[in-house]
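Open the model in your viewer and keep the selection box handy. We will go stop by stop, with something to select at each one.

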Amino acid sequence: MMFQQSSRSLLDASKKSSSFRWTSSVGRTFSSRSPQDWVTTEETDDPSIAILKMNRAPANTLSLEMCTEISKAIKELESNKKTQAVILTSSLPTIFSAGLDLTELHNPDKDRLPAFWGAFQQLYFDLYGSRLATIGAINGHAPAAGCMLALSCDYRIMSKGNIGLNESKLGICAPPWLGQQFIDTIGLRKAELALNMGTLFDTKAALDIGLIDEIVGEDDVMDVAKTRASQWVAIPAPARVACKELTRGRQLNELKENRKQDVDHFCSFVNQEAMQRNLGFYFEQLAKRKK
Ligand SMILES: CCCCCCCCCC/C=C/CC(=O)SCCNC(=O)CCNC(=O)[C@H](O)C(C)(C)COP(=O)(O)OP(=O)(O)OC[C@H]1O[C@@H](n2cnc3c(N)ncnc32)[C@H](O)[C@@H]1OP(=O)(O)O
């Protein structure tokens, strides 16, 4: 890995507290196959290009275990010298990732919360700082931390859905490092407007502001992703890695140096009563929406 980070203690803590079926504070039961199945990797006909698929129905939300599984898959791919690129995509029909799992944030388990945020930070380190060329094949909605997954890729193609940082609609603000990623991608003024309004962009608007690089037809996503991956792999790996270090190294190191403060900041922010009220309200609206 290019920007190796140590998170042993946080990830060890996450293993102790993992639970895969639970009832949320608004009474919905989440269940799924085991976390090992939430993320799968596949080979392509080009041995230098792999596919990483998120399979956590219903919305590929990022729980502590989901973050850990994605990080683990990236590290495994990186450990194979032949692998030079990964295509990140979703196996769900309409959602790339709905962002952080709100059950982690709402009425949180006080011991689990810091480990959860540590696993989310680690995922940012692992994806944004990967030595691999990363192609985001965004085949559905990608709000908030789902947008972070997309922003962490080197190249983004999108077929459908909405993308953006909508945290303000939940009564919160994106963490500074995610906000910075957004600003670095689309520029300060556009980011300022979008962050404040919590704007989610459709594919055309996302392309217009530079949040994605290309719109592709639904049936063409994987073919285009493979073509783009081949183009990235054709650049000598040391040059690619050096370019990534040049454009992303400062931001990655900044969080690395402030990791503990960021966890403390997040936990005290989330534990505020007003914050919990906002989250509870948003979460209930989300659950009621279909009815
Ligand atoms: C200077 C300040 C410093 C502050 C530092 C700390 C700041 C804290 C930072 C916190 C960062 C937060 C980032 C996040 O990612 S928050 C999560 C944001 N995500 C969302 O708002 C997305 C919510 N979801 C949707 O809008 C929709 O689900 C969708 C993605 C548009 C898809 O819609 P669709 O109709 O297809 O699907 P459903 O809505 O029916 O969803 C299917 C089921 O999944 C549940 N769901 C969806 N999203 C989440 C989620 N994020 N967490 C938990 N559960 C989710 C949804 O309720 C459905 O469940 P059901 O089938 O049981 O009804």
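Helices (H or I, at least four residues) and strands (E, at least two) are DSSP runs, and they are numbered from the N terminus. Residue numbers start from 1 along each chain as its sequence is written. You are looking at a predicted model, where local features need pLDDT of at least 70, side-chain atom pairs count only at pLDDT 80 or more, and totals for chains, interfaces and linings use all residues.

**Stop 1: a loop with two special residues**

Start by selecting Asn 60, which sits in the loop between E4 and H2. Asn 60 has a positive phi, about 50 degrees, although it is not a glycine. Now add Pro 58, which lies in the loop between E4 and H2 too. The peptide bond between Ala 57 and Pro 58 is cis, with omega at about 5 degrees.

**Stop 2: the sheet**

Next, colour the strands. Strands of a sheet pair through backbone hydrogen bonds, either parallel or antiparallel. Here, two strands count as paired if DSSP finds at least two bridges between them. Six strands form an open sheet with mixed pairing, in the order E3-E4-E5-E6-E8-E10. Which strands stand at the edges? They are E3 (39-43) and E10 (214-215); each has a single partner strand, so one side of each is left without a neighbour in the sheet.

Zoom in on E3 and E4, which run antiparallel and are joined by five bridges. A hairpin of five residues connects E3 to E4. To see the pairing, select Thr 41 and look opposite, to Leu 52 in E4.

Then move along to E6 (residues 133-138) and E8 (residues 155-158), a parallel pair with four bridges. Select Ile 135 here: its bridge partner in E8 is Tyr 155.

**Stop 3: helices lying across the sheet**

Show H2 (residues 64-79), which lies across E3, E4 (49-54) and E5 (85-90). H2 runs at about 25 degrees to E3; such angles run from 0 to 180 degrees between N-to-C directions, with axes as lines fitted to C-alpha atoms, for helices over the stretch in contact. Contact here means that the C-beta atoms of two residues, placed from the backbone, lie within 7 Å. Now show H9 (residues 221-233), lying across E4, E5, E6 and E8 and running at about 165 degrees to E6.

**Stop 4: helix pairs**

Two packed helices are described by the angle between their axes and the distance between the axes. For the words used below, angles under 35 degrees count as roughly parallel, over 145 as roughly antiparallel, 65 to 115 as roughly perpendicular and the rest as oblique. A crossing is left-handed if the near helix is turned anticlockwise from the far one by less than a right angle, and right-handed if clockwise.

Keep H2 on screen and add H4 (residues 112-128): their axes come within 8 Å and cross at roughly 30 degrees. H2 and H4 are therefore roughly parallel, and H2 passes H4 in a left-handed crossing. In this contact, H2 residues including Leu 64, Ile 70 and Ile 74 meet H4 residues including Phe 116, Phe 120 and Leu 123.

Next, turn to H4 with H11, which pack at about 130 degrees with their axes 9 Å apart. That makes H4 oblique to H11, and the crossing is right-handed. Among the residues making the contact are Trp 117 and Gln 121 of H4, along with Val 263 and Phe 266 of H11.

Finally, select H6 (residues 176-186) and H7 (residues 188-197), packed at about 130 degrees with axes 7 Å apart. H6 and H7 are therefore oblique to each other. Gly 179, Phe 182, Ile 183 and Ile 186 in H6 meet Leu 188, Lys 190, Ala 191 and Leu 195 in H7.

**Stop 5: the shell around the ligand**

Where should you look last? Select the 30 residues that surround the ligand, each with its C-beta atom, placed from the backbone, within 6 Å of it. The closest are Ala 98, Gly 99, Leu 100, Ala 144 and Ala 145. The elements giving two or more residues to this shell are H3 (102-105), H11 (259-270) and H12 (273-288). H11 supplies the largest share, three residues.
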